[in-house]
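Subject: Structure handover

Hello,

Here is the structure for your files. My notes follow below it.

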Amino acid sequence: MSKDATPKEALIKAAYADVHKFGNNREFDKAVKAVNRILGVAPDDPTALHCKVVCLLQLSKFEEAYKFIEKNRLSSLVFEKSYCEYRLNKQAQALKTIDDAAGAQPLPPNLKELRTQILYRLERYDECLDSYKDIIKNTSDEYEDERRTNLSAVAANLALDKNKDVPEVP
Amino acid sequence: LTPDMEPIPCKPLFFDLAMNYVELPSLEDKLEQEGKKGASITG
């Protein structure tokens, strides 16, 4: 296929350049408009559909993102769907979305992090603690302090239960 | 008569680190690649 073979392809290419630029600048209100230009001519473009969901999440439009995922049956966007549910306070459904999709596979880092936060909201602190210990052991990124703060929050909640010992946090 | 003060637990700080994974997918194959014009960029 030659480049810019049709006006439609040229439009899509230009719009993707805008999505890329605005995304890098974290101007997601502008990025979503560029994505809409793509979806106007290519409504089934899977990359554009994914971009739209990410833009809506970045704009804190969780309800709209959730409806968009459902309407377009974007079943591959497991993380984004579960994250919507998490932010819309549907914690049990958020957990189910991840666990149904993952099967017996080990979770990638994004789903593991999200699943651990869901366990916290579900007050399943024992499992949450184990999960954080596992993440901390296997991760080195710029959010280690924040993750240790979360681990302390789990430990604090466990400490409220008088039937349990205060867990040791690493 | 005031009741004795007693400590109650505060709500611990808890960060949303999953949000950091909400990122645009790679657009590499959607963007014009400089220096590769004329060559097939889709195949």
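Over which residues of chain B does pLDDT stay under 50? Residues 35-41 (pLDDT is the predictor's confidence in each residue, from 0 to 100). For that stretch the model has four contacts beyond four places in sequence (contact means heavy atoms within 4.5 Å). Chain B has a mean pLDDT of 80, and 74% of its residues reach 70 or more.

This is a predicted model: local features need pLDDT of at least 70, side-chain atom pairs count only at pLDDT 80 or more, and totals for chains, interfaces and linings use all residues. Residues are numbered from 1 along each chain as its sequence is written, chains are lettered from A and ligands numbered from 1 in the order written, and side-chain values use heavy atoms, leaving out hydrogens and water.

The predictor gives the complex an ipTM of 0.89 and a pTM of 0.86.

Chain A has nine helices and zero strands (DSSP runs numbered from the N terminus: helices are H or I, at least four residues; strands are E, at least two). Its C-alpha trace spans about 70 × 30 × 30 Å along the principal axes.

Now one helix pair. In chain A, α6 (residues 91-102) packs against α7 (residues 109-121) at about 150°, axes 9 Å apart (axes are lines fitted to C-alpha atoms over the stretch in contact; angles run from 0 to 180 degrees between N-to-C directions). That makes α6(A) roughly antiparallel to α7(A) (angles over 145 degrees). A:Leu95 and A:Ile98 are among the α6(A) residues that meet α7(A), whose contacting residues include A:Leu114 and A:Ile118.

Best wishes

Technical notes
Angles under 35 degrees count as roughly parallel, over 145 as roughly antiparallel, 65 to 115 as roughly perpendicular and the rest as oblique.
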